[in-house]
Amino acid sequence: MLQDIVQQNHATGINNSMSTKTHVIYNLRVDQDGEIAASRGEGFSQEEYSKFKHGDERIARKYGRKVANLLLKKEPMLFDSEERDNVLLAPFAYKYVPTAAANMSVHIVNTLNHSLSMQQIPSVGSLHVYKYTYDPSIEHWFATRPLDEREAILSKISLTMDSSRVEGRNLIVVDDIHITGASQRKFLELLNQLSLKSLIVIFLCKMRASDAKNPGIEGVLNHKKVKYIKDLYEIAAAGALKWNIRVVKFILESSDHMSVETFLSCLTDELLESFYYATIANDYHFEEKYKMNLHIARSLVTKRGLI
């Protein structure tokens with residue numbers, strides 16, 4: 001894995017004098033039965049991953065703790081400093097509505113800081129890298145595109161962050177899955193402009209290269225458990241639903257408007273209101289295909305007196 005990222009660093013011109021490492025929690029492959037499984041019996045569940053991608057905080061917390069514990073085990077020297085803000089953690093870029101990886105990152109930071117505080121070590125800080133797109137709907141269908149199309153899409157996207165917080169510090173970058181590596185290379189281009197002390201990239205999952213050639217493989221993973229609006233009820237009923245880009249757009253893109261209205265009507269005021277504001281924060285109100293379900297959400301928040 002370290003060899004992979006070093007090769008990508010040469011390709012993007014990133015500073016190779018910087019200490020750079022990468023880690024993967026679950027190395028995935030497609031087995032002979034066509035099922036996606038982790039190598040070496042790593043205990044990966046497609047169903048859990050699908051629920052995680054659709055806002056299940058129970059799974060985000062589980063994954064976050066797993067990543068944090070790996071960091072504490074594999075990179076103890078990273079935290080061996082009395083300097084404050086020495087280590088920052090950033091999920092891969094998003095605009096305003098968080099990704100599943102961003103929600104997971106909250107639990108990574110919380111778990112790390114709990115452990116570090118017990119040892120009287122300065123806490124890890126959080127960093128938001130912003131992504132500005134030319135098309136507000138690309139996050140949903142990006143996962144279905146082959147490598148050349150992904151790179152063409154990413155070439156039209158701009159990333160930005162508060163570089164003054166990062167200069168001379170150790171940065172941990174987290175994403176939920178590595179398929180083609182296109183998003184990672186885009187991020188490395190941004191990091192090339194900075195003087196980092198070290199860079200650690202962590203992927204929750206990495207698909208075997210031969211299987212990653214199938215552009216639909218990510219969609220298979222994402223929708224193993226959550227295929228229809230009705231599949232969200234259990235997550236919401238358990239009080240575990242937290243909005244991310246994927247689940248917000250999953251609802252907005254549904255052609256089953258009656259199911260959307262029924263589901264949104266069952267949500268608490270807090271969840272309904274936050275869903276509505278998430279849809280407009282990322283400019284989804286400009287998307288013609290989202291307008292019907294956005295109208296449903298707007299009508300419901302208005303009816304409840306939430307706006």
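**Close-up 1. Cysteines C266 and C205 in the predicted model.** C266 is exposed, with a relative accessible area of 55%. That value lies over the 50% cut-off, so C266 falls in the exposed class. C205, in contrast, is buried at a relative accessible area of 0%, which places C205 under the 20% limit. The number of disulfides counted in the model is zero, a disulfide being a covalent bond between the sulfur atoms of two cysteines.

**Close-up 2. The open sheet and its edge strands.** Six strands make up an open sheet with mixed pairing, in the order β2-β1-β8-β7-β3-β4. The edges are β2 (36–38) and β4 (125–126), and each has a single partner strand, so one side of each lacks a neighbour in the sheet. At the β4 edge, the pairing with β3 (residues 87–91) is parallel and runs over two bridges. L88 has G125 of β4 as its bridge partner. Strands of a sheet pair through backbone hydrogen bonds, in either the parallel or the antiparallel sense.

**Close-up 3. Helices α2 and α3 against the sheet.** Helix α2 (residues 46–53) packs on the sheet and touches β2, β7 (170–178) and β8 (198–207). The direction of α2 makes about 115 degrees with that of β7. Helix α3 (residues 57–74) lies across β1 (19–30), β7 and β8. Relative to β1, α3 runs at about 135 degrees.

**Close-up 4. The contact of α2 with α3.** The two helix axes come within 8 Å and cross at roughly 110 degrees. This angle falls in the range from 65 to 115 degrees, so α2 and α3 are roughly perpendicular to each other. From α2, the residues E48, Y49, K51 and F52 take part; they meet R58, I59, A60, K62 and Y63 of α3. By class, the residues of this contact comprise five nonpolar and four charged, with no polar ones.

**Close-up 5. Positive phi at D85 and Q120.** D85 is not a glycine, yet has a positive phi of about 55 degrees. D85 sits in the loop between α3 and β3. Its relative accessibility of 38% makes D85 partly exposed. Q120, also a residue other than glycine, has a positive phi near 60 degrees. The loop that holds Q120 connects α4 (100–118) and β4. Q120 is exposed, at 73% relative accessibility.

Methods:
Residues numbered from 1 in each chain as written. Predicted model: local features only at pLDDT ≥ 70, side-chain atom pairs only at ≥ 80, totals over all residues. Heavy atoms only, no water. Pairing = 2+ DSSP bridges. Helix = DSSP H or I, 4+ residues; strand = E, 2+ residues; numbered from the N terminus. Contact = heavy atoms within 4.5 Å. Axes fitted to C-alpha atoms, helices over the stretch in contact; angles between N-to-C directions. Disulfide = S-S within 2.5 Å. Buried < 20%, exposed > 50% of the residue type's maximum accessible area, 1.4 Å probe, protein only. Parallel < 35°, antiparallel > 145°, perpendicular 65-115°, else oblique. Nonpolar A, V, L, I, M, F, W, Y, C, P; charged D, E, K, R; others polar.
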